[in-house]
Amino acid sequence: MDMTVTRADDDITHVVLDGRFDIQGAQEVDSRFVELADSSKAMIVDLSKVSFIASLGVRTLMLSAKALIRRGSELVVCGANENVDKVLRGTGFNEAAGLYPDYESAIRTVKERLAEFSGKKS
């Protein structure tokens, strides 16, 4: 599993995964997800290059989403193909994190929510 991480100026972390998010794929990226969930303001995980997701892949995403939620932030997923999307929805992952068709809609929503949140803190 290849993992590319980009952090924008606004502390939104963009993670692009490429490959199968199966047992081996999850093991390869799990520790990095833990680090990112602990240090990111928000995370967007792009699954457009993920052809398959297993329960351990969902677990990796869910643990990261919960870690961000506990800190008052969020993880969203974008670009999942039909089969990956079906698995995420079937496990209830979509109740913990947003699912978006593409990066543009995901980043727009995350930026709006972060702006709304920072406006409430003032």
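Here are a few short exercises on the predicted model above, each with a worked solution.

**Exercise 1. Work out which order the helices and strands follow along the protein chain, and how compact the chain is.**

Start by counting elements: the protein chain has four helices and five strands. Now read along the sequence, and the pattern comes out as β-β-α-β-α-β-α-β-α. For compactness, take the radius of gyration, which is 13 Å. The globule rule gives 14 Å for 122 residues, and the two values are close, so the chain is as compact as a globular protein of that length. If you'd like a box to go with that, the C-alpha atoms fill one of roughly 45 × 25 × 20 Å along the principal axes.

**Exercise 2. Find what share of the residues is buried, and what share of the contacts joins residues 24 or more positions apart.**

Burial goes first: 44% of the 122 residues are buried. Next, take the contacts with a separation of 6 or more; residues 24 or more positions apart account for 69% of them. Finish on the outside, where the accessible surface comes to about 6,700 Å², with 48% of it belonging to carbon and sulfur atoms.

**Exercise 3. Decide whether Asp10 is buried, partly exposed or exposed, and find which residues it touches.**

Locate it first: Asp10 sits in the loop between strand E1 (2-7) and strand E2 (12-21). Its relative accessibility is 26%; buried would need under 20% and exposed over 50%, so Asp10 counts as partly exposed. Then look for partners. Leaving out residues up to four places away in sequence, Asp10 touches Lys41 and Lys111. Ala67 makes a handy ruler here: Asp10 and Ala67 are 57 residues apart in sequence and 19 Å apart in space, C-alpha to C-alpha.

**Exercise 4. Take apart the largest nonpolar core: which residues touch the most other members, and which element gives the largest share?**

This core has 27 residues, and Leu17, Val45, Leu61, Leu88 and Phe93 touch the most other members. Two or more residues each come from E2, helix H1 (23-39), strand E3 (42-53), helix H2 (55-70), strand E4 (74-78) and helix H3 (82-90). The largest share, six residues, is down to H2. Now zoom in on Leu61: skipping residues up to four places away in sequence, its contacts include Phe21, Phe33, Val45, Leu75, Leu88 and Phe93. And don't stop there, since a second, separate core of ten residues includes Ile44, Val76, Cys78 and Tyr100. As a general backdrop, nonpolar side chains in soluble globular proteins tend to be buried together.

Technical notes:
Residues numbered from 1 in each chain as written. Predicted model: local features only at pLDDT ≥ 70, side-chain atom pairs only at ≥ 80, totals over all residues. Heavy atoms only, no water. Rg over C-alpha atoms; globule rule 2.2 N^0.38 Å. Buried < 20%, exposed > 50% of the residue type's maximum accessible area, 1.4 Å probe, protein only. Contact = heavy atoms within 4.5 Å. Areas by Shrake-Rupley, 256 points an atom, 1.4 Å probe, with all protein chains shown as cover. Core = buried A, V, L, I, M, F, W, Y, C linked by side-chain atoms within 4.5 Å.
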